[in-house]
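Got a new structure open and not sure where to look? Let's walk through it with some questions and answers.

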Amino acid sequence: MTEPRDPALLPAREQARRIRAGALSAGDLLRACLVRVERHNPELNAVVTLNPAAEAEAAAVDASLAAGADPGPLAGLVVGVKDVTETAGLRTTYGSPLFADHVPGEDALVVRRLREAGAVILGKTNTPEFAAGGNTWNEVFGVTRNPWNPALSAGGSTGGGAVALATGMISLAQGTDLGGSLRIPASFCGIAGLRPTPGLVPTVPAAYLWDDLQSTGLMARDPEDVAFGLRAISGPAPASPVCAPEPRWPAPGAADLAGCRWAWCGDIARIGIDGGVEAACRDSVASLRSAGAQVDEVDLDLSWAWDAFLVLRGHWFVSHFEAELHRVDAFGPNVSANLRSGLALTPAEIGAAENARRRVREALLVLLEGYDALLTPCMAIPPFPAEQNYPETVGGRPMNTYVDWIAPTFLLSMPGLPVACVPAGLDAAGLPVGLQVVGPPRGEGQTLAAAAAIGAARPIGLPPSVTDD
């Protein structure tokens, strides 16, 4: 593959290498990214608040290098921070009109770690209100559009970050994943995302401090960049009681396909799958087999855990929003529906859901005793019109809530295992199709190495509107 001429389109790890070697300045990389913001953002609406201190942050990295100091492993990389993650002195709206002018007094832990590693914060990326939704829109900033076809959804809830990556506005995108928010937009926008083990990057501050259902993580243009960024920001924090052990990080690079043993299941949620999505995934599996990987089809049905996730999600919302329960109806439809659902739960229902979650993990651990990873489609459908909150049907089956259609991702949020999404190819309409890669406990490195091998087997390139100039 030809190396990009524009530094904004280089892999993040190559950007950082060049900056540290003096072949590229942090200031020049930031300016290249800002050119792409100016070019693509008016139509796609990915970045909603620019950081006025970004140029000073880039200059500080360059000055540090000039003085012979080490600015950190992410030296000069340009990062977009999801607009539900606190940034000191920079507006953080949570996508909600109730917080449209909110400016936090301190950085979230992940932002602090990004800065300490030498990253430059470009600004905030768009999200649905409080990250509640698989399509990125809110009443503060409007709709984020897909770079492959602006009429279509970019996915969510880290949709702004995915679009900014696909168009070269940023090097890495920070985000969160409760039911698929680092995987759904990765699939729709043709990039890579990873839902890491909860607590690998502790989520603080948080009202629900013992939250072990949501993860904080990264997206990038390829899985190796996700691994590169994640290694710099992972690790326990005294402020968080939810901390994951350090993963086993293999040597950087893609897995050797000839030595891989993978399980493949086409529909773990039993909601049906679009023909174009299925064809792209099966073509990817065929390519992997031709390259020497062992890929066995398995029958894995997790649909029985569907209702349990909805219970856990309702409980999660009530736990996070306990201080705001007096104004449930002031939130948008997605957040308020989750709160009302959570408030109606009984202790018995929550207990049963937690036990269902345990059984999902046990089932996957049994499966992974015989395989290195599980492969399954990320989305059952291609991107839908951007103005829709969610698709009304999947495979002819009515979707009763805004999360039903993302069952292929939310079911895999339950067991607490690392789950990556990587492009598997393009469908007949030229839209990206993502493949989920589920790895073993502490297997972030192994999972991303597998994802890198899958992506390399069927590279999709950049969206047609993104030119290298």
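Two strands are said to pair if DSSP finds at least two bridges between them. Keep in mind that this is a predicted model.

Q: Which residue in E13 stands opposite tryptophan 262?
A: Start with the strands: E11 covers residues 261-264 and E13 covers residues 373-377. They pair in the parallel sense, over three bridges. Across from tryptophan 262, the residue in E13 is alanine 373.

Q: In what order do the 11 strands of the open sheet run?
A: The pairing in this sheet is mixed, and the twist from one strand to the next averages 30°. The edge strands, each pairing on one side only, are E1 (47-50) and E12 (294-297). Going across, the order is E1-E3-E2-E8-E10-E9-E16-E17-E13-E11-E12.

Q: What angle does the direction of helix H11 make with that of E13?
A: Helix H11 takes in residues 347-368 and packs on the sheet. There, H11 touches E11, E13 and strand E17 (432-438). Its direction and that of E13 make an angle of about 115°.

Q: At about what angle to E3 does helix H2 run?
A: H2 is made of residues 26-44. This helix lies across E1, strand E2 (78-82) and strand E3 (120-125). Relative to E3, H2 runs at about 20°.

Q: Are H2 and H3 roughly parallel or roughly antiparallel?
A: H3 spans residues 54-66, and its axis is 7 Å from that of H2. Ala26, Gly27 and Leu30 of H2 meet Ala54, Glu55, Ala58, Val61 and Asp62 of H3, and these residues divide into five nonpolar, one polar and two charged. The helices pack at about 150°. Angles over 145 degrees count that way, so H2 and H3 are roughly antiparallel.

Q: How is H1 placed against H7, given that they cross at roughly 55°?
A: The axes of H1 (residues 12-21) and H7 (residues 223-233) come within 8 Å. Ala12, Arg13 and Ala16 of H1 touch Glu224, Asp225 and Phe228 of H7, a contact with three nonpolar, no polar and three charged residues. With a crossing angle of roughly 55°, H1 is therefore, relative to H7, oblique.

Q: How many nonpolar residues are in the contact of H7 with H13?
A: H13 (residues 444-457) packs against H7 at about 155°, with the axes 8 Å apart, so the two are roughly antiparallel. From H7 come Pro223, Glu224, Val226, Ala227 and Leu230, and from H13 come Glu444, Leu448, Ala451 and Ala452. Sorted by class, none of these is polar, two are charged, and the nonpolar ones number seven.

Q: Is cysteine 421 buried or exposed?
A: Cysteine 421 is found in strand E16 (residues 419-426). Leaving aside neighbours within four places in sequence, its contacts include Arg183, Ile191, Cys378 and Leu435. Its relative accessibility is 1%. Since the cut-off is under 20%, cysteine 421 counts as buried.

Q: How far apart in space are cysteine 421 and cysteine 33, C-alpha to C-alpha?
A: In sequence, these two cysteines are 388 residues apart. In space, their C-alpha to C-alpha distance is 24 Å.

Q: Which residue's backbone nitrogen does the side chain of aspartate 6 reach?
A: Aspartate 6 is in the segment before H1 and is buried, at 10% relative accessible area. Beyond its neighbours within four places in sequence, aspartate 6 is in contact with Ala32, Arg36, Asp468 and Asp469. At 2.9 Å, its side chain reaches the backbone nitrogen of alanine 8.

Technical notes: Residues are numbered from 1 along each chain as its sequence is written. This is a predicted model: local features need pLDDT of at least 70, side-chain atom pairs count only at pLDDT 80 or more; totals for chains, interfaces and linings use all residues. Side-chain values use heavy atoms; hydrogens and water are left out. Helices (H or I, at least four residues) and strands (E, at least two) are DSSP runs, numbered from the N terminus. Axes are lines fitted to C-alpha atoms, for helices over the stretch in contact, and angles run from 0 to 180 degrees between N-to-C directions. Contact means heavy atoms within 4.5 Å. Buried means under 20% relative accessible area, exposed over 50%, partly exposed in between (1.4 Å probe, protein chains only). Angles under 35 degrees count as roughly parallel, over 145 as roughly antiparallel, 65 to 115 as roughly perpendicular and the rest as oblique. Ala, Val, Leu, Ile, Met, Phe, Trp, Tyr, Cys and Pro count as nonpolar, Asp, Glu, Lys and Arg as charged, and the others, Gly among them, as polar. A polar contact is a pair of N or O atoms within 3.5 Å; within protein, one must be able to donate a hydrogen and the other to accept it, and residues adjacent in sequence count only if both atoms are side-chain atoms.
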